[in-house]
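Please study the sequence and the three-dimensional structure shown below before reading on. The explanation then proceeds from the whole chain to its parts.

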Amino acid sequence: QQLETTKKIQKLSIDVINRISAGEVIQRPSNALKELIENSLDAQSTVIKVTVKDGGLKLLQIQDNGSGIKKDDLDIVCERFTTSKLQKFEDLRKIETFGFRGEALSSISHVSHLKILTKTADSNCAYRAYYADGKLAPSTAGDTIDPKPCAGVNGTQITSEDLFFNVPARKKVLRNILEEHARVVDLVRKYAIFNSKVSFILKKADISTPDVFTQGGEGTTEKEVISLIYGSEIAKELKELSSSNDKLEYKMTGLFSTTNLSSKKPIFILFINNRLVDCRNLKLGLEQLYTKYLSKGAYPFIFVRLSLNPRNVDVNIHPTKSEVRFLYEDQIIELIQKVVDTELNLSILSKTFPQAS
Ligand code: ADP
Ligand code: MG
C-alpha cells in the first residue's frame, strides 16, 4: 500500500485569511453589534439607536450622534488593523477606549454588505460609502467606489446587511432567529444599564414599539435603568456595595440583590474597565455565595463594575474579547465575596430581628 504523497505547503490568500479571522471576531449578530456599540460609545455618542431584522442577520443598523468619521478616513476605515485608538503595542496595556485592534469594521465588511453614512460636525454634508472585503466598493454594479456626499445629521450610521451571506456554514448554525434576537436584546440592555446617561433604542425594522428604550440624560442612574428594564421588584432590592485594594490595584462597585429577592434565573452583569465581559470565576464565585442564603431554584441579580490597572488585564485571550483573565484574580474575587457575604449576613439578621436597627 502506498502512502499518500505529502501535500505542498501553500500560503493562503489574503482574502481567505481575512475571512477566517473575520469569522473569529464576528461569530453572530450580537458580536457585531457589541463592536458597533463600543465604537459609538468611543465616539462620545449620547443617543444610540439600533434597528434589526431577523435577529440582526438580515439587517443590523446602528445610528449614533457621535463624532462622525472624517471623509478622508473613509477609504481605509474598514481595512484590517486601521484604528484611531492605538498606535503602538505598548498602548494595548493602558487602553481606555473599547476598540483597540482596528478589526471590527474590517471583519464585518468581510462577512456582510456594509454601508457607512457619517458626518462630522465640521463638515457641511454627510458621506455615504459601501464596503466589501475591507475596501470601498460600488453601491451597484457600474457605480464608482468613491464616498458620495449626501444629506445627514452629525454622527454615524452603520448598516450591515445579510450577515454571513458568504459563510454558508456559519449561517446554517445561526438558524434560530429568535435566539439571535434575544441575544441582541440582552446586549443592548446591559450596555443601556452601564451607560445610563446614554439613550439606547432597540427596535425591529418593521415594528414600531421598541424592545429597549432608555431616556439617557445626565441625572439617570443605573438603578433607574435596571428598574425600567428588569422591573422595580428587582431594582428595589439592590444594594450598592464597594470594595477596593491598592496593592491588588482594583476598585469594585456593584449592585447586589438582597436575600429578599429570589429571581427565577441568575442575572450576572460584569463590566471590567468599562467593557462588557465574562469572567467565569467571578460569576461562579458570587452565585455560589448566594446559595448559602437563597432557597433552591432562587437566584440573585448581580451587576459589577470592576476597575483594574489595565496592565493587569489580559483582554486579548479571545478574539471576541469576551472572556477576560486578570492578575490577582483569586484574591480579588475573595475580597469581593467577603463584602457581599457580610452584607447578606446583615440582611438575614435584620429579617430575624426586624426591630433591630
Ligand atoms: P477600533 O475600534 O479598534 O479602532 P474599528 O474597526 O472598530 O476599530 O473602527 C475603526 C475606526 O473607525 C475607529 O478607530 C474610529 O476611528 C472609526 N469609527 C468606527 N465607528 C465609529 C463611530 N460610530 N463613530 C466615529 N468613528 C468611528
Ligand atoms: Mg471598534
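The paragraphs below treat the overall form, the domains and core, one sheet, one helix and one loop residue.

The model under discussion is a predicted one. Its chain contains nine helices and 16 strands. Along the principal axes, the C-alpha trace of the chain spans about 80 × 70 × 40 Å. How does the radius of gyration of the chain agree with that of a compact globule? For 357 residues, a compact globule would have a radius of gyration near 21 Å, and the chain has 23 Å, so the two agree. Of the 357 residues, 35% count as buried. Contacts also link distant parts of the sequence: among the contacts in the chain with a separation of 6 or more, 66% are between residues 24 or more positions apart.

The domain assignment divides the chain into domain 1 (14-213) and domain 2 (231-352). The C-alpha centres of domain 1 and domain 2 lie 30 Å apart. In soluble globular proteins, nonpolar side chains tend to be buried together. In this chain, the largest nonpolar core has 74 residues, and those with the most contacts inside it are Leu33, Val188, Phe200 and Leu270. This core draws at least three residues from each of domain 1 and domain 2. Val188 may serve as an illustration: leaving aside residues up to four places away in sequence, Val188 touches Val50, Phe200, Leu202 and Val212.

Attention now turns to a sheet. Five strands form an open sheet with mixed pairing, in the order 10-11-14-12-13. Its edge strands are strand 10 and strand 13 (275-276), each of which pairs on one side only. Strand 11 (residues 250-257) pairs with strand 10 and with strand 14. Eight bridges join strand 11 to strand 10 (residues 238-245), and the two run antiparallel. Within this pairing, Ser242 stands opposite Thr253 in strand 11. Strand 10 and strand 11 form a hairpin with four residues between them, and Glu249 in the turn has a positive phi of about 55°. Strand 11 is also joined by seven bridges to strand 14 (residues 301-308), again in an antiparallel arrangement. Here Lys251 stands opposite Ser307 in strand 14, and Gly254 stands opposite Val304 in strand 14. Is strand 11 mostly covered or mostly open? Strand 11 is mostly covered, with six of its eight residues buried.

Helix 2 (residues 29-42) offers a simple check of geometry. At 1.5 Å a residue, its 14 residues should span 20 Å, and its end C-alpha atoms are 20 Å apart, so the expectation is met. Helix 2 is mostly covered, since 13 of its 14 residues are buried. Helix 2 is followed by Gln44, whose phi is positive, near 65°.

A loop residue completes the account. Ala121 lies in the loop between strand 3 (113-119) and strand 4 (126-132). Is Ala121 buried or exposed? A residue with 12 or fewer C-beta neighbours within 10 Å is exposed; Ala121 has 8 such neighbours and therefore counts as exposed. Ala121 nevertheless has contacts elsewhere in the chain: not counting residues up to four places away in sequence, Ala121 touches Gly68 and Asn154. The C-alpha atoms of Ala121 and Gly66, which are 55 residues apart along the chain, are separated by 9.3 Å.

Technical notes: Residues are numbered from 1 along each chain as its sequence is written. Chains are lettered from A and ligands numbered from 1 in the order in which they are written. A residue is buried if 20 or more other C-beta atoms lie within 10 Å of its own, exposed if 12 or fewer, and partly exposed in between; C-beta atoms are placed from the backbone. Two strands pair if DSSP finds at least two bridges between them. The expected span of a helix is 1.5 Å times one less than its number of residues. The radius of gyration is taken over C-alpha atoms; the globule rule is 2.2 Å times the number of residues to the power 0.38. Two residues are in contact if their C-beta atoms, placed from the backbone, lie within 7 Å. A nonpolar core is a set of buried Ala, Val, Leu, Ile, Met, Phe, Trp, Tyr and Cys residues joined through C-beta atoms within 7 Å. Domain bounds come from an automatic or database domain assignment.
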